[in-house]
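Student: I should like to request a close look at one part of this model, namely its salt bridges. Please then place them within the chains as a whole.

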Amino acid sequence: MRLYALAVYAFLYLPIAIIALFSFSAGRSASSMQGFSLSWYGRALNNPFVMEALWTSVKVAFLSACLATVVGTMAALALTGMKGRVRRVFDLAVQIAVMIPGIVIGIATLIALVTVFDLVNPWLEPLTGLKLSLGTGSLIGAHGLFTMSLVVLLVRGRMETLDPALIEASNDLGATPFGTFRQVTFPQILPAILAGFLLAFTFSFDDFIIAFFVAGAETTLPIYVFSSIRRGVTPEINAIGTMVMAASLIVLIGAQLMLRRSQARPRP
Amino acid sequence: MAMTRSRARALLLTPAGLWYAAMLLLPLAVVLIFSFGERSQIGGYAPGFTLEQYANLPARFAAFRNTLTLAPLGTLASLLIAYPLAYYLAVKVTPKWKTMLLVLVIVPFWTSILIRSYAWIFLLGGKGIPAFLAMFGLEDVRLLNTPFAVLVGIVYGYLPLMVFPIYVALEKLDKRLLEAAADLGTPPWRAFLQITLPLSMPGVLTGSMLVFILLMGEFLIPSILGGGKVFFVGNALVDLFLQSRNWPFGSAVAVGLVLVMLVTVGLYTRAAKRFGAGRDDAALM
């Protein structure tokens, strides 16, 4: 049994380890180890295409995670303890957003936005000189839609485990509803909100499939990596991959610590 | 400050509601409308009402066939590999190690699936496992760009998602039931079949559903490890929307994918319920 577990862990970590190992190779071959050097890291960090894609990814991940966290938390607060038709409609929307394959969300967003832009631009452009197109905005909108749903589920889950007696006590002691929220509810759901933010950030940062459709002329880091792989594997991609994995790992450990503090059940 | 509760609620819900309407419901409605439309001369969409696109679906039969074979197969393989690990983690491991081992299962899942799949190009490519097999006299084994490679990528990518719900179900299992069974002289394998397995069914169900749903829309793994020879509906969609720009037909394929997914998931849930799986705890995401 223990041997079996060991084998599965080896299966899970061997490919990751190989990428990390090969990224330190000094040679030109992506699939063998020739000496040790950090030169591919230097090469990757000095590649303007990589840095531009990285900047786009970070920008989109940060802004979409901020919006998703704020809007998702607001919705979760309103939905807790709510009944009736509005609640059912929102539950359905959250479910659809989580269930529908990312690829379908991607194409749906692509054709809907392109259609809307084609209708709006002939009016908008002469008036304002602006022209709507796919890009950072559509990436933020599409990523945020999915991650907002995750935030709703996380924060609502936490809200439902709160002790109502605390809120009643606060009200009885004369606190205003906002005062109760600020001093009683908010501190208790804060870890879930922060965990939601970090998960939203990593999802957006790692997402390829939705971005592939709605990025327009922009290139995110996963799109850059994917198109590079198409042209052939290089040690530079190994170095980028290792850095991305290390970064996600750090963010995730943060999220895990937050969730632990909120005493919620750990989630994958 | 005399804002009523329901007005506060409406204010809090408005941004999320608008977001869902504009970026989820509108796009899905557009896909549905386009799927009944015609293709315009320059690609894209021309208004119309026709069932032609749906009638044309058999043209992409191979993509649906591949998806509907490899997605269930991948789900089953993940399940068979995940169950013993989840059992080990839930039953055999001491609490001290449990958290760390669990985190170790989850960590790969939250790192980029793109980079993790790409790692298998090395392992399955000429200098990887085939070179290793050649040392034992098995020459010319081709692994990369085969259905097997896609299957390996699938299991590798989605294993953590399968382990976790099964672990949660097994963790809740009352150990006294097994002790009672042992006291009554039940051999361990029968206790497993009659107690442990049925009680872990909700976890098995949740895990399989999560993996299966994600697999139905898979694009990256077949495109990286299948080398254009093993393609899923996801690959057909990328081709139809980004290369050949046949939006109405692509929309019909997308609607077809969602329908096939809903029907399969529905049938599976019903079958699993009949097996006495009880309530499914979907509280995982």
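Tutor: Over all chains, the rule counts 5 salt bridges. The model is a predicted one, and the values that follow are computed from it.

Let us begin in chain A. The side chains of A:Asp91 and A:Arg87 form a salt bridge, with a distance of 3.0 Å from N to O. This distance satisfies the rule, because a side-chain nitrogen of Lys or Arg must lie within 4 Å of a carboxyl oxygen of Asp or Glu. Both residues belong to helix 4 (residues 85–99) of chain A, and because they are 4 residues apart there, about one helical turn separates them. Their surroundings may be described by relative accessible area. A:Asp91 has a value of 25% and is partly exposed, whereas A:Arg87 has a value of 15% and is buried. The two labels differ because buried means under 20%, while partly exposed covers the range between that limit and the exposed class, which lies over 50%.

In chain B, a salt bridge joins B:Arg60 to B:Asp239, and the closest N and O atoms are 3.2 Å apart. B:Arg60 sits in the loop between helix 2 (52–55) and helix 3 (61–92) of chain B, while B:Asp239 sits in helix 11 (residues 233–243) of chain B; the pair therefore ties together parts that are 179 residues apart in sequence. B:Arg60 counts as partly exposed at 24% relative accessibility, and B:Asp239 counts as partly exposed at 25%.

Another salt bridge of chain B is formed by the side chains of B:Arg176 and B:Asp174, which meet at 3.0 Å, N to O. B:Arg176 is exposed, with a relative accessible area of 59%, and B:Asp174 is partly exposed, with 32%. Salt bridges may also share partners: in this way A:Arg87, A:Asp91 and A:Arg156 are joined into one network.

We may now ask how many salt bridges the rule finds across the interface of chain A and chain B. The count there is 0. The interface does contain polar contacts, for the rule finds 10 residue pairs in polar contact across it, both residues of each pair being at pLDDT 80 or more. On the side of chain A that touches chain B, the largest share, 14 residues, comes from helix 1 (residues 2–23) of chain A. By class, this side of chain A has 68 nonpolar, 16 polar and 6 charged residues.

The extent of the interface can be stated in two ways. By contact, 90 residues of chain A meet 74 residues of chain B. By area, about 7400 Å² is buried between chain A and chain B, and carbon and sulfur atoms give 83% of that figure. The size of an interface is often expressed as the accessible area that is lost when the parts come together.

It remains to place these details within each chain. Chain A has 11 helices and 0 strands. Its C-alpha atoms fill a box of roughly 70 × 65 × 30 Å, taken along the principal axes. Of the 268 residues in chain A, 51% are buried. One residue to inspect in chain A is A:Ser64, which lies in helix 3 (residues 48–79) of chain A. A:Ser64 is buried, because its relative accessible area is 0%. Leaving aside residues up to four places away in sequence, A:Ser64 touches A:Ile140, A:His143, A:Gly144, A:Thr147 and A:Ser204. For chain A in general, among contacts between residues at least 6 apart in sequence, 69% join residues at least 24 apart.

Chain B has 12 helices and 2 strands. Along its sequence the pattern is α-β-β-α-α-α-α-α-α-α-α-α-α-α. The C-alpha atoms of chain B fill a box of roughly 80 × 75 × 40 Å along the principal axes, and 52% of its 285 residues count as buried. Among contacts in chain B with a separation of 6 or more, residues 24 or more positions apart account for 72%; the pair B:Arg60 and B:Asp239, with their positions 179 residues apart in sequence, links such distant parts by a salt bridge.

Note on methods. Residues are numbered from 1 along each chain as its sequence is written. Chains are lettered from A and ligands numbered from 1 in the order in which they are written. Side-chain values use heavy atoms; hydrogens and water are left out. Contact means heavy atoms within 4.5 Å. Buried area is the accessible area (1.4 Å probe) that two parts lose on being put together, summed over both. A polar contact is a pair of N or O atoms within 3.5 Å; within protein, one must be able to donate a hydrogen and the other to accept it, and residues adjacent in sequence count only if both atoms are side-chain atoms. Ala, Val, Leu, Ile, Met, Phe, Trp, Tyr, Cys and Pro count as nonpolar, Asp, Glu, Lys and Arg as charged, and the others, Gly among them, as polar. Buried means under 20% relative accessible area, exposed over 50%, partly exposed in between (1.4 Å probe, protein chains only).
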